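Hi,

Here is the structure I promised to pass on. Have a look at it first, and my notes follow below.

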Amino acid sequence: MQNPRLVAFDLDDTLAPSKSPIDPRMAALLVRLLDVAEVCVISGGQFAQFTMQVVDNLADVDESALARLHLMPTCGTQYYRHSAGEWQQVYAENLTDDQKWRALAAVEAIARELGYWESETWGPILEDRGSQITFSALGQAAPVAAKTQWDTDGAKKTALRESVQALLPDLEVRSGGSTSVDITRRGIDKAYGMNRLAELTGIPLDEMLFVGDRLDENGNDYPVKALGVDCVAVENWNDTAAFLDELIPTLAIVRP
Ligand SMILES: [Mg+2]
């Protein structure tokens, strides 16, 4: 696409290694991009993850630039904007207590049945993120090296996702990061988030660009592609940085 008004990014394995802070090179690129476009980060992680991985690492970013940064944690089921010096929640699509209980029970039962319920983990396997239940096979704080080893071909996440989805027909089950499966209300995924973003910013979807590492059919970025948004597929943050090195100068010409 020529000159997108808004560039949206997945977080884990697109802007940074899973659950890790962005590299200073990526931080500098995002600050430059905020000068010439609106920027959105939409990911399965919680808001605190966004601040730790992205926002806290943006050096020399002023209020007007932060006002152009759109944060959509937990697959766009929450939306935050920066105004009056702080991050403010615009909306949150929370699960009901009954939906949470059924999601937690189903994912644990299937993980145990398939032999994926690990006994040695880094923190809890299950997490209630309000609008999303997240299963992380090795725990929330597992090191990247251990996580990349756990499911190298993605077969475990796919098997888990399919079996849990069959038990929860009224909810949405998606594979998230390298070891994670996310459960949200049905119809609420990154495509939902992008639609809400278009509605709330007034920027049409055909003037947006999305960058993600899981645009394959089983990936949590796929709904954005299926929605018809122009997408750029990357394998890691280095690919994203290389893409931004080319995109930012072209946007700077049309929006000096
Ligand atoms: Mg990702």
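Helix α5 (residues 97-114) first: at 1.5 Å a residue, its 18 residues should span 26 Å, and the end C-alpha atoms are indeed 26 Å apart, so the two agree. Bear in mind that this is a predicted model.

Which residues of α5 are buried? They are Ala103, Ala106, Val107, Ile110 and Ala111. These cover an arc of only 120° around the axis, so they sit on the same side of α5. That fits the usual pattern: an α-helix has 3.6 residues a turn, so residues three or four places apart point the same way. Facing away from the buried side of α5 are the exposed Asp97, Asp98, Arg112 and Glu113. The cover over the buried residues includes β6 (126-128), β7 (133-136), α7 (155-167), β8 (171-175) and β9 (180-185). Just after α5, Gly115 has a positive phi of about 80°.

On domains, the assignment gives domain 1 (6-93 + 188-254) and domain 2 (97-185). Their centres, taken over C-alpha atoms, are 24 Å apart. Domain 1 puts 17 residues into the contact and domain 2 puts in 19. On the domain 1 side, those residues are four nonpolar, ten polar and three charged.

As for cores, the largest nonpolar one has 47 residues, and Val7, Ala8, Leu15, Met26, Leu33, Val41 and Phe210 touch the most other members. Helix α1 (residues 24-36) gives the most to this core, with seven residues. Apart from it lies another core of 18 residues, including Ile125, Ile133, Ala137 and Ala142.

Cheers

Note on methods:
Residues are numbered from 1 along each chain as its sequence is written. This is a predicted model: local features need pLDDT of at least 70, side-chain atom pairs count only at pLDDT 80 or more; totals for chains, interfaces and linings use all residues. A nonpolar core is a set of buried Ala, Val, Leu, Ile, Met, Phe, Trp, Tyr and Cys residues joined through C-beta atoms within 7 Å. A residue is buried if 20 or more other C-beta atoms lie within 10 Å of its own, exposed if 12 or fewer, and partly exposed in between; C-beta atoms are placed from the backbone. Helices (H or I, at least four residues) and strands (E, at least two) are DSSP runs, numbered from the N terminus. Domain bounds come from an automatic or database domain assignment. Two residues are in contact if their C-beta atoms, placed from the backbone, lie within 7 Å. Ala, Val, Leu, Ile, Met, Phe, Trp, Tyr, Cys and Pro count as nonpolar, Asp, Glu, Lys and Arg as charged, and the others, Gly among them, as polar. The expected span of a helix is 1.5 Å times one less than its number of residues. The arc is that of the directions from the helix axis to the C-beta atoms.
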